[in-house]
Amino acid sequence: MAHDPSAPSPVITGLKGLCPRCGKGHLFQGYLKVRPTCGVCGLDLAFADTGDGPAFFVMSIVGIVVVGLALWAEFAFSPPIWLHLVMWTVLSIVMSLVLVRPLKGVLVNLQYHHKAEEGRFR
């Protein structure tokens, strides 16, 4: 596959929630719903099906960070269990909400960039 140097970076445009082809139009309609088409270049975004990919990456990243911080806090400060419960629940929810949209954008952009499609038997 030949690399087009004029094409926008799929990671940068995905993190910003922009169209994978032009890098200018918005990818999302609402918080997580992908628009049917790009408002700038008209790209049909019907191909965009990330499935559970963003959720997997969010759970992995949030899990590693929260467990690491919880262990550090326990050994360094020994806070009461109710404080652990409050701190790590809030951090998990906030991190999940912050990460899911950019990660979904990156996966949609990478699908377009690598021409990903459903597997087929020949």
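# Helices H2 and H3 and their surroundings

Reader: Is glutamine 111 buried or exposed?
Author: In this predicted model, glutamine 111 has a relative accessible area of 18%. A residue counts as buried under 20%. Because its 18% falls under that cut-off, glutamine 111 is classed as buried.

Reader: Which backbone atom does the side chain of glutamine 111 reach?
Author: Glutamine 111 lies in helix H3. Leaving aside neighbours within four places in sequence, the residues in contact with glutamine 111 are Phe47, Ala48, Asp49, Thr50 and Ala116. With one of these, the side chain of glutamine 111 comes to 2.8 Å, and the atom reached is the backbone oxygen of aspartate 49.

Reader: How far apart are the end C-alpha atoms of helix H2, and what span should its residues give?
Author: Helix H2 covers residues 53-77, which is 25 residues. The expected span takes 1.5 Å times one less than the number of residues. For H2 this gives 36 Å, and the distance between its end C-alpha atoms agrees, being 36 Å.

Reader: Which helix is included in what covers the buried residues of H2?
Author: The buried residues of H2 are Gly53, Pro54, Val58, Val62, Val66, Ala70 and Ala73. Their cover includes residues 81-113, that is, helix H3.

Reader: How far apart in space are alanine 73 and histidine 84, C-alpha to C-alpha?
Author: Alanine 73 is found in helix H2, and its relative accessible area of 5% makes it buried. Leaving aside neighbours within four places in sequence, alanine 73 is in contact with Ser78, Pro79, His84 and Trp88. Alanine 73 and histidine 84 are eleven residues apart in sequence, and their C-alpha distance is 8.6 Å.

Reader: What is the phi of the serine that follows H2?
Author: Serine 78 is placed in the loop between H2 and H3. Most residues other than glycine have a negative phi. Serine 78 is not a glycine, yet its phi is positive, at about 50°.

Reader: Which residue in the segment after H3 has a positive phi of about 55°?
Author: The residue belongs to the segment after H3 and is not a glycine, although its phi is positive. It is exposed, because its relative accessibility is 62% and the cut-off for exposed is over 50%. The residue is lysine 115.

Reader: What accessible area do the residues of the nonpolar surface patch have together?
Author: The patch is formed by Phe56, Phe57, Met59, Ile61, Val65, Leu69, Trp72 and Phe77. One of them, phenylalanine 77, is in helix H2 and is exposed, with a relative accessible area of 57%. Together the patch residues have an accessible area of about 820 Å².

Reader: Which two residues meet in the salt bridge?
Author: Side chains of opposite charge can pair when their charged atoms come close. The structure holds one salt bridge, with an N to O distance of 3.5 Å. One partner is exposed at 60% relative accessibility, and the other is exposed with a relative accessible area of 66%. In that order, the partners are glutamate 117 and arginine 120.

Terms used: Residues numbered from 1 in each chain as written. Predicted model: local features only at pLDDT ≥ 70, side-chain atom pairs only at ≥ 80, totals over all residues. Heavy atoms only, no water. Helix = DSSP H or I, 4+ residues; strand = E, 2+ residues; numbered from the N terminus. Buried < 20%, exposed > 50% of the residue type's maximum accessible area, 1.4 Å probe, protein only. Contact = heavy atoms within 4.5 Å. Patch = residues over 30% accessible without salt bridge, like charges linked within 9 Å, V, L, I, M, F, W, Y side chains within 5 Å. Areas by Shrake-Rupley, 256 points an atom, 1.4 Å probe, with all protein chains shown as cover. Salt bridge = Lys/Arg side-chain N within 4 Å of Asp/Glu carboxyl O. Polar contact = N/O pair within 3.5 Å; in protein donor to acceptor, adjacent residues only side chain to side chain.
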